[in-house]
Amino acid sequence: GVEHDIPTDGLAALPGVVEELHAVPLPHMGWNTVQAPAGTRMFAGVADQRFFFVHSFGVRRPGDLPAGEVTWAEHGGDRFVAGVEHGPLWSTQFHPEKSGQAGARLLRNWVETLTGQEAA
C-alpha cells in the first residue's frame, strides 16, 4: 500500500495496491451499494443490499484476479474494490459487522463455505 507517499509491503495474500481514493468527500463514510459478479457466493442473497463503509483508502486495480472474484463499489466518482472472493479467502472494504442483516448474511455465506453446511 501507499500511505502519505510511503510505499509499504503488505502480506502479498492478494494482488493490488492500496492507495488513497480520488473522491470527495473523504473519508467515505456511510451506506453504499456494491456491484457483485454473477454467481458470487459471498453476496448470495444480498447482492442488492447496502453495506457500511468507513475508509479513505482502497484498491482500484486488483492485479490479475479473475473478474468473477472481484466486487466493486463507487464513491465520489472513484471506483474501488469492495470485496474479493478468492477461494476460502474473502475480503471486504466495508464493515460486515456494521452492515446489519446484509452483513450477517455475508458472514454466514462465508461460514457455509468452510463447513460445507448451511449456517443457522
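A nonpolar core is a set of buried Ala, Val, Leu, Ile, Met, Phe, Trp, Tyr and Cys residues joined through side-chain atoms within 4.5 Å. The model described here is predicted.

**Nonpolar cores**

The largest nonpolar core comprises 15 residues, of which Val34, Phe43, Phe51, Phe53, Ala73, Phe94 and Leu106 touch the most other members. At least two residues of this core come from each of strand E5 (50-55), strand E8 (78-86) and helix H1. A second core, separate from the largest one, has 6 residues, among them Val59, Leu65, Val70 and Trp72.

The surroundings of Phe94 can be listed in detail. With residues up to four places away in sequence left out of the count, Phe94 is in contact with Val34, Phe43, Phe51, Phe52, Phe53, Ala82, Ser99 and Leu106.

**Helix H1 and the surface**

Helix H1 covers residues 100-115 and contains Val111. Gly100 also belongs to helix H1. The accessibility of these two residues is as follows.

| Residue | Relative accessible area | Class |
|---|---|---|
| Val111 | 34% | partly exposed |
| Gly100 | 45% | partly exposed |

Val111 joins Trp110 and Leu114 in a nonpolar surface patch of about 250 Å². Patch members must have over 30% relative accessible area. Val111, at 34%, is therefore above that cut-off. Gly100 is partly exposed because its relative accessibility of 45% lies between the limits of 20% for buried and 50% for exposed residues.

Gly100 also gives a long-range distance within the chain: its C-alpha lies 33 Å from the C-alpha of Asp9, and the two residues are 91 residues apart in sequence.

Conventions. Residues numbered from 1 in each chain as written. Predicted model: local features only at pLDDT ≥ 70, side-chain atom pairs only at ≥ 80, totals over all residues. Heavy atoms only, no water. Patch = residues over 30% accessible without salt bridge, like charges linked within 9 Å, V, L, I, M, F, W, Y side chains within 5 Å. Areas by Shrake-Rupley, 256 points an atom, 1.4 Å probe, with all protein chains shown as cover. Salt bridge = Lys/Arg side-chain N within 4 Å of Asp/Glu carboxyl O. Helix = DSSP H or I, 4+ residues; strand = E, 2+ residues; numbered from the N terminus. Buried < 20%, exposed > 50% of the residue type's maximum accessible area, 1.4 Å probe, protein only. Contact = heavy atoms within 4.5 Å.
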